[in-house]
Amino acid sequence: MKKPVLLIAALLVCLFPLTTRAALAVAAPPPCLEVVVQNAEELRIAQDNGANRVELVLAPLKGGLTPAEATLKEVAGVARIPVMVMIRPTDRDFNYTEAEFAGMLKTLELLKSTPLPLMPGRKFGAVMGVQKADGSLDLARMQALAKAGAGLELVCHMAFDGSKDRLADTKALAGLGYARILTRGHNEPGNNIPNLEAQKTSAAGSIIIMPGVRIMAADVPGWVSKGFTQVHLGIGVRKDAKFTEPILPELVKQAASGLQK
């Protein structure tokens with residue numbers, strides 16, 4: 001019986017075009033709506049209305065900073081979905097002093113030691129990025145962070161957008177164990193979708209490219225149609241599209257629905 005089965009399998013492989021087989025070999029990442037939150041109450045709203053994951057930050061108007069330890073503990077007690085924690089000690093830039101970098105390493109240890117009671121076996125994830133003085137990505141420090149954060153889900157944030165070689169740095173971060181890159185597509189204003197698409201193609205399933213370009217709830221289906229199944233929304237789920245306003249349940253639901261289209 002083995003020969004007919006093997007023959008059928010071989011015929012199926014031949015019948016599929018090479019491009020189709022390649023697409024099947026690199027499965028698209030599962031759909032995921034990530035919402036920026038500042039505290040436990042915003043987490044509740046997000047997770048109760050369809051968000052799959054949140055990014056926890058302090059001071060989103062400054063691009064997001066490391067939240068207080070008290071906030072981490074409060075969020076840990078109510079989280080039913082994965083929580084990615086921003087590790088950014090200052091809004092000055094991404095080129096940190098030795099003391100600031102040491103603080104980042106200390107925060108990683110805190111995340112590793114903080115339990116999530118409603119998700120046994122799960123830990124906080126970490127969102128971080130470091131640049132050199134010239135604005136390029138500091139891969140040596142990114143490697144040190146990855147080593148310190150071993151066992152956590154790791155993401156490189158928009159510090160990546162200073163990269164001098166986006167495709168090479170994408171490959172390097174994948175090799176260091178980072179799960180995703182949150183990126184605008186470039187460090188300059190304008191239409192960055194071609195850069196994001198090229199980066200996603202180059203990543204070829206080795207690391208997830210997640211656009212974070214002021215996406216609104218109504219924009220989600222358009223990003224999905226371009227092959228971006230994981231999206232990051234901040235102001236896009238808030239009243240009047242402002243971080244100073246509350247998250248609206250109906251906008252989270254709209255974004256979650258758009259992800260399935």
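The chat below goes through a predicted model, its sheet and one of its helices.

Biologist: What is the average pLDDT of the protein chain?
Modeller: The average is 89, and 87% of the residues score at least 70; pLDDT is the predictor's confidence in each residue, from 0 to 100. Over residues 1-26 the pLDDT is below 50, and beyond near neighbours in sequence this stretch has five contacts in the model (contact means heavy atoms within 4.5 Å). Where pLDDT is low, the predicted coordinates should not be read in detail.

Biologist: Any ground rules?
Modeller: Residues are numbered from 1 along each chain as its sequence is written, and side-chain values use heavy atoms, without hydrogens and water. Local features need pLDDT of at least 70 and side-chain atom pairs 80 or more, while totals for chains, interfaces and linings use all residues.

Biologist: What is the strand order in the sheet?
Modeller: The open sheet of eight strands runs β7-β6-β5-β4-β3-β2-β1-β8, with parallel pairing. Strands are DSSP runs of E, at least two residues, and helices runs of H or I, at least four, numbered from the N terminus; two strands pair if DSSP finds at least two bridges between them.

Biologist: How many bridges join β1 to β8?
Modeller: Four, with β1 covering residues 32-37. Val35 has Leu233 in β8 as its bridge partner.

Biologist: Switching to α7, which residues are buried?
Modeller: Arg166, Asp169, Thr170 and Leu173, buried meaning under 20% relative accessible area and exposed over 50%, with partly exposed in between (1.4 Å probe, protein chains only). Lys171 and Gly175 are exposed on the other side of α7.

Biologist: What do the buried ones pack against?
Modeller: α6, β5, β6, α8 and β7.
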